Amino acid sequence: FLLNDKSEFVRQHICETLYHYPIPSTVPQLIQIAQNDASPNVRAKASYALAKGEPIKVIPILLSIYESDKDVAENSVIDSPSSHAAGALDELMKTNWMSVRNDKGIASLRPGGSDGARLKEHAERYLSRLKHERAEE
């Protein structure tokens, strides 16, 4: 499968494609890539693709990446995996702590800047609620 391709460019673009056209069975591999790929660019795109994953599975991963993976590839125009994980959390929870989305899903800068602390707090409460709801089923 192309997620394992030798080319960073290919892996990066496959992750981006999986964001736009999610395939649920690829989520475990996207998690692995988001946490372990040698390229910060690939980790960033894999992190963002996780916005389309099952929240109860991906929120803990995205929080961990948000807090710890600040790497940026040399000469890169792509933000860090941390930044992409924050964007994925924001999108997944349909919040506006990092950016503001219009009704077509296009994001723009949040007035007053992003609020990572609020994003993290919201994600932790959201995850706790999901776990509680699942336990009641």
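The buried residues of helix H2 are covered by elements that include helix H1 (8–20), helix H3 (40–49) and helix H4. Please bear in mind throughout that this is a predicted model.

Which residues of H2 are buried? Helix H2 spans residues 27–36, and its buried residues include Val27, Leu30, Ile31, Ile33 and Ala34. These five residues lie on the same side of H2, because they cover an arc of only 165° around the axis. The general background is familiar: an α-helix has 3.6 residues a turn, so residues three or four places apart point the same way.

Ala34 leads us to the next site, since Ala34 is among the residues that aspartate 69 touches. Aspartate 69 is located in the loop that runs between helix H4 (55–68) and helix H5 (81–93). Is this aspartate buried or exposed? Its relative accessible area is 11%, and because the cut-off for buried is under 20%, aspartate 69 counts as buried. Leaving aside residues up to four places away in sequence, aspartate 69 touches Arg43, Ser80, Pro81 and Ser82 as well as Ala34. Within the loop, a polar atom of the aspartate 69 side chain lies 3.4 Å from the backbone nitrogen of aspartate 71.

I turn finally to lysine 94. This residue is in the loop between H5 and strand S1 (99–101). Lysine 94 has a relative accessible area of 73% and is therefore exposed, whereas aspartate 69 is buried. As for the backbone, phi of lysine 94 is near 60°, a positive value in a residue other than glycine.

Definitions and conventions: Residues numbered from 1 in each chain as written. Predicted model: local features only at pLDDT ≥ 70, side-chain atom pairs only at ≥ 80, totals over all residues. Heavy atoms only, no water. Helix = DSSP H or I, 4+ residues; strand = E, 2+ residues; numbered from the N terminus. Buried < 20%, exposed > 50% of the residue type's maximum accessible area, 1.4 Å probe, protein only. Polar contact = N/O pair within 3.5 Å; in protein donor to acceptor, adjacent residues only side chain to side chain. Contact = heavy atoms within 4.5 Å. Arc of directions from axis to C-beta.
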